[in-house]
Amino acid sequence: MLNAVYHPIYSALPLPANHRFPIHKYRLLHDALLAQGVLQPERLHQPEPLSLNQVTQVHCPDYVQRFAQGTLDHKAQRRLGFPWSPPLVARTLTACGGTLRAAELALEHGIACHLSGGYHHAHHDFGSGFCVFNDLVLAARLLLQRQAVSRVLIFDCDVHQGDGSAALCQDDPDIITCSLHCERNFPARKARSHVDVPLENDLDDAAYLATLDTVLPWLLNLYQPDLVIYDAGVDVHQDDALGYLSLSDHGLYQRDHAVLSACQQRGIPVAAVIGGGYAKDHADLVPRHSQLFFAARDLLSQR
């Protein structure tokens, strides 16, 4: 059965009306997956928030303190895309703790999923694009410090390049970053991942999956990670409000199944986060994000 991580705080952030960030999708996804029996209450784990000291293992202490205290200047806050509030601090630290918990569960059970995460635009001393702290790199770094793993692959399939992850890990041989992203999309200035796979606009299921099938086995064989942290962003979907690729719901399922299966076949634990996905009606995102959990359930039921 699938182990997953969730906290009600993920959808508890007060945002202005018509704010672009789909804050309700986390609760809607959680409720739908429970109702469908994809998630079992006894396998649903509630994370603890990371401490500020843990966050400074990746991020600039001054930036961490200014965010925690609400003293970021207007430019820095605008770049985040969120109005500052104490609930934003609590949610951010809890979501980062959730990705760490999913990684721990993956090491124990082979596959685990987080109903949040993927905040890959957060850099060392600033946040960007709805990403305050980089949960992907934090989980990898903290596990490396514990010597729970020796090498981690961050495999990022969000439509936007994981520029924060790339910049944070550029000189780190123990955290490998790979980003499959739409080239002509945010961020305008890309960072250099260990492996970047820029994709053309309007790429469909077949072309996307062919690229994935070429890149991922090569990566896993070359780097032989002890853990894969997989950003399963659904903003690659054909109807996403901020993406320019053209995957269908079934294409998302095939992508997620291919990633999880490739890791499982090699005995590599994989922790998946849901990443980005944008729509005016947040309920439209539920079937897209659900594909990750369907794929994980199906693989685990075959094991």
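How many nonpolar, polar and charged residues does the lining of the second largest cavity have? By class, that lining has 3 nonpolar, 5 polar and 1 charged residues. Bear in mind as you look around that the structure above is a predicted model.

**Enclosed spaces**

Let's stay with this cavity for a moment. The second largest cavity has a volume of about 40 Å³, and its lining is made of I154, D156, G162, S165, A166, T177, C178, S179 and S193. Two or more of these lining residues come from each of β4 (152–156), α7 (163–169) and β5 (175–182). Among the elements, β5 gives the most to this lining, with 3 residues.

The count of cavities of 30 Å³ or more comes to 2. The largest cavity holds about 60 Å³ of space. You can find it by selecting F82, R91, T92, A95, C96, Y119, F130, V132 and F133, which line it. By class, the lining of the largest cavity divides into 7 nonpolar, 1 polar and 1 charged.

**Open pockets**

Next come the pockets. The largest pocket contains about 350 Å³ of space. Its lining counts 25 residues, and the closest to the pocket centre are H121, G129, F130, L242 and Y278. F130 is thus a name you will meet twice, since it lines the largest cavity and is also listed for the largest pocket.

The second largest pocket has about 280 Å³ of space. It is lined by 15 residues, with N18, H19, R20, K280 and H282 lying nearest its centre.

Here are the four spaces side by side:

| Space | Volume | Lining by class |
|---|---|---|
| Largest pocket | about 350 Å³ | 9 nonpolar, 11 polar, 5 charged |
| Second largest pocket | about 280 Å³ | 9 nonpolar, 4 polar, 2 charged |
| Largest cavity | about 60 Å³ | 7 nonpolar, 1 polar, 1 charged |
| Second largest cavity | about 40 Å³ | 3 nonpolar, 5 polar, 1 charged |

**Helix α10**

Now turn to helix α10, which runs over residues 286–302. This helix has 17 residues and reaches 24 Å from its first C-alpha to its last, close to the 24 Å expected at 1.5 Å a residue. Where is the kink in α10 centred? The centre is L292, and the kink is about 25°.

α10 is mostly covered, with 12 of its 17 residues buried. Those buried residues are V286, R288, H289, S290, Q291, L292, F293, F294, A295, A296, L299 and L300. L292 therefore appears both as the centre of the kink and among the buried residues of α10, where buried means under 20% relative accessible area. The cover over the buried residues includes α1 (25–35), β3 (111–114), β7 (227–231), α9 (249–265) and β8 (270–273).

**A closer look at Y244**

Finally, visit Y244, which sits in the loop between β7 and α9. Is Y244 buried, partly exposed or exposed? Its relative accessible area is 41%, so Y244 counts as partly exposed. The cut-offs behind that step are under 20% for buried and over 50% for exposed.

Which residues does Y244 contact, leaving aside its neighbours within four places in sequence? They are V159, C182, R184, N185, N201 and D202. Y244 can also be placed relative to L199: the two are 45 residues apart in sequence and 9.8 Å apart in space, C-alpha to C-alpha.

Terms used: Residues are numbered from 1 along each chain as its sequence is written. This is a predicted model: local features need pLDDT of at least 70, side-chain atom pairs count only at pLDDT 80 or more; totals for chains, interfaces and linings use all residues. Side-chain values use heavy atoms; hydrogens and water are left out. Helices (H or I, at least four residues) and strands (E, at least two) are DSSP runs, numbered from the N terminus. The expected span of a helix is 1.5 Å times one less than its number of residues. The bend at a residue is the angle between axes fitted to the seven residues ending there and the seven starting there. Buried means under 20% relative accessible area, exposed over 50%, partly exposed in between (1.4 Å probe, protein chains only). Contact means heavy atoms within 4.5 Å. On a 1 Å grid over the protein atoms alone, a cavity is a set of points where a 1.4 Å probe fits but cannot get out, and a pocket is an open set with protein on both sides within 12 Å along at least five of seven lines; lining residues have an atom within 4 Å of a point. Grid points are joined across faces, edges and corners, and a volume is the space filled by probe spheres set on the points. Ala, Val, Leu, Ile, Met, Phe, Trp, Tyr, Cys and Pro count as nonpolar, Asp, Glu, Lys and Arg as charged, and the others, Gly among them, as polar.
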